[in-house]
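The following exercises ask the reader to work from a sequence and a set of coordinates towards a description of the fold. Each task is followed by a solution in steps.

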Amino acid sequence: MLWLGAALLAALGAGLLARAELQRQREAFDTDARIVHRLLSQRVVQHDAVLATLALLQPVRDGEHAEQRLPAVFPQVLHARRRSEGEAWPQASLTQAETTSRARRRAALGAVDLAQGRYELVTAAGTGAYALLIDLKQTVPWDEWPMTPASSPVRVRLVLGDTHFTIQPGREHTPSRGWTFGFSKVLASESQPFDVQADVALGWSALPWWRMLSWAALVLAAAYAWQAWRRQTTERRRAEELLRLGQVARLNTLGELAAGVAHELNQPLTAVLANTQAALRLLDDESPDLPLAQTAMTQAAEQARRAAEVVGRLRRVVERPDTQGATAPTPLEQAARSALHLLEPEFKRRQASVALATEASPTVLADPVALEQIVHNLLMNALQALEQVPPEQRQIRLTLGQEAAEGLLQVSDSGPGIPPDVLPRLFQPFFSTRAGGLGLGLSLCETLAVGMGGSLSARNAPPLGAEFTLRLPLAQ
């Protein structure tokens with residue numbers, strides 16, 4: 001779930017970066033296109049102004065006319081002509097343009113050859129007229145142009161009707177791929193109504209891949225760091241819980257051990273006491289000149305009684321307190337899941353699969369720590385039994401249920417089971433089938449279960465494995 005969220009966040013951030021970059025390029029494109037329109041509009045309006053000025057001028061000295069000097073002043077003017085009164089234009093297009101100019105009282109277009117990048121502009125002046133042959137290539141103010149024509153991906157054209165003149169070729173226009181931006185606006189001159197059209201096609205290479213990948217890497221690194229921190233926190237808490245549980249287990253084991261030692265020592269000490277008393281009585285029947293022997297045996301008997309009292313006091317000190325006073329309503333499923341969480345690394349290390357089946361979720365009356373220790377010990381006992389079978393057959397099943405007024409917790413495994421001769425002695429203190437084992441784990445679990453008013457039993461579960469059943473009274 002974490003990685004899915006990180007992937008979605010990385011994709012969302014990359015998408016926003018791509019959108020911002022495309023918006024930036026769109027704004028830059030619009031700005032350049034408007035500058036192009038303004039520059040070209042200034043030039044064509046200049047043509048109108050030139051013609052209007054010619055109409056007001058008179059021929060200069062030696063019969064030279066002002067229009068003859070225009071090509072030297074304006075490079076875009078290829079040729080300038082003047083029709084005097086009584087003369088006729090050599091081309092019909094000029095005659096028609098003059099007629100239109102007189103009717104509209106402004107300059108008018110004559111012949112337009114956008115394929116060659118040329119057009120005629122005519123204005124009527126009194127009884128005569130003036131005409132300019134204009135070169136569109138020279139009209140473009142390249143020194144003020146906002147783009148680099150050789151490398152810019154933007155295509156700029158002047159369009160009139162079905163014909164066009166390409167000012168800047170730009171990149172090949174492929175609208176089916178990537179993103180396409182367009183601009184269209186007529187020049188600010190009624191006499192030269194050319195439509196300035198600009199467009200650009202951006203492909204996937206226009207996206208800010210470096211920033212997008214950096215963002216994705218940052219998000220994934222943050223997700224990894226968060227996961228590592230969560231994993232470290234979980235492992236630390238698991239270790240602390242295992243340490244606490246281990247400390248409680250050691251204390252309980254110490255109590256079990258002390259109780260067992262006290263029980264084992266009480267019988268020989270009683271025998272010593274009885275033998276000493278018998279010897280004392282025999283000595284009392286002897287000659288009275290044996291007071292020293294009598295005194296020694298009396299002291300021995302006294303020391304034996306003292307040893308018995310010391311062992312009794314030791315047992316009372318280290319014996320576990322009554323668990324009935326510490327019981328409280330405890331959800332059985334909560335204790336089971338807590339133990340499973342603590343032993344999760346151990347399950348993975350031993351390649352054992354574990355399943356939790358909840359037929360019921362009873363709340364029992366128990367000491368939460370003692371209950372957790374019982375479940376922990378039963379699961380560890382099952383893991384140790386599975387060491388004798390191949391990894392692919394290692395399975396543990398933990399089942400929760402309810403029967404009458406008791407909550408049930410069953411731990412079953414797919415191990416070799418319990419030998420029939422071992423089953424009756426399974427819960428005896430100091431009895432163990434493992435080399436080096438103390439034989440106190442199951443004995444301690446039974447003692448804790450009985451102390452909470454419950455019971456712990458074991459049986460072989462056919463066809464393979466063992467099954468331990470913990471019964472505890474339900475909480476009212």
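The exercises below treat sheets, helices, buried charge and salt bridges in turn.

**Conventions**

This is a predicted model, in which local features need pLDDT of at least 70 and side-chain atom pairs count only at pLDDT 80 or more, while totals for chains, interfaces and linings use all residues. Residues are numbered from 1 along each chain as its sequence is written, and side-chain values use heavy atoms, with hydrogens and water left out.

**Exercise 1. State the secondary structure content and the share of buried residues in the protein.**

Step 1. The protein comes to ten helices and 15 strands. Helices (H or I, at least four residues) and strands (E, at least two) are DSSP runs, numbered from the N terminus.

Step 2. Of the 476 residues, 37% are buried. Buried means under 20% relative accessible area, exposed means over 50%, and partly exposed lies in between, with a 1.4 Å probe and protein chains only.

Step 3. Among contacts (heavy atoms within 4.5 Å) with a separation of 6 or more, 67% join residues 24 or more positions apart.

**Exercise 2. Determine the strand order of the open sheet of four strands and locate the helix that lies across β1, β2, β3 and β4.**

Step 1. The order is β1-β4-β3-β2, with antiparallel pairing. Two strands pair if DSSP finds at least two bridges between them.

Step 2. β1 (77-83) and β2 (108-113) each have a single partner strand, so one side of each of these edge strands is left without a neighbour in the sheet. From one strand to the next, the twist averages 15°. Axes here are lines fitted to C-alpha atoms, for helices over the stretch in contact, and angles run from 0 to 180 degrees between N-to-C directions.

Step 3. Eight bridges join β3 (residues 118-125) to β4 (residues 128-135) in the antiparallel sense. Within this pair, Leu 121 is placed opposite Leu 132 of β4.

Step 4. The helix is α3 (residues 92-104), which runs at about 50° to β3.

**Exercise 3. Determine the strand order of the open sheet of five strands, and find which residue takes a positive phi in the hairpin of β14 and β15.**

Step 1. This sheet has mixed pairing and the order β10-β12-β13-β15-β14. Its edges are β10 (353-358) and β14, each with a single partner strand, so each has one side without a neighbour in the sheet.

Step 2. β12 (residues 395-403) and β13 (residues 406-413) form an antiparallel pair over eight bridges, in which Thr 399 has Gln 410 as its bridge partner.

Step 3. β14 (residues 455-460) and β15 (residues 466-473) are likewise antiparallel, over six bridges, and Asn 460 faces Ala 466 in β15.

Step 4. Five residues separate the strands of this hairpin, and Gly 465 has the positive phi, near 100°.

**Exercise 4. Which side chain of opposite charge is nearest to Asp 413, and which atoms and residues surround this residue?**

Step 1. Asp 413 belongs to strand β13.

Step 2. Asp 413 is buried and has no salt bridge, the nearest side chain of opposite charge being that of Arg 394, 11 Å away. A salt bridge requires a side-chain nitrogen of Lys or Arg within 4 Å of a carboxyl oxygen of Asp or Glu.

Step 3. A polar atom of the Asp 413 side chain lies 2.8 Å from the backbone nitrogen of Gly 415.

Step 4. Beyond four places in sequence, the contacts of Asp 413 include Ala 382, Leu 386, Gln 395 and Gly 465.

**Exercise 5. How many salt bridges does the structure hold, and where do Glu 21 and Arg 211 lie?**

Step 1. There are 15 salt bridges.

Step 2. In one of them, Glu 21 meets Arg 211 at 2.8 Å, N to O. Glu 21 is in helix α1 (residues 2-56) and Arg 211 in helix α5 (residues 209-284), so the pair ties together parts 190 residues apart in sequence. Glu 21 is buried at 9% relative accessibility, whereas Arg 211 is partly exposed at 42%.

Step 3. Asp 199 and Arg 155 form another salt bridge, with their closest N and O atoms 3.1 Å apart. This pair links strand β8 (residues 195-202) with strand β5 (residues 155-160), the two residues being 44 residues apart.

Step 4. Glu 346 and Arg 349 meet at 2.4 Å, N to O, and both lie in helix α8 (residues 344-349), about one turn apart. A network of salt bridges links these two residues with Arg 350 and Glu 387.

Technical notes:
Lys, Arg positive; Asp, Glu negative; His and termini not counted. Polar contact = N/O pair within 3.5 Å; in protein donor to acceptor, adjacent residues only side chain to side chain.
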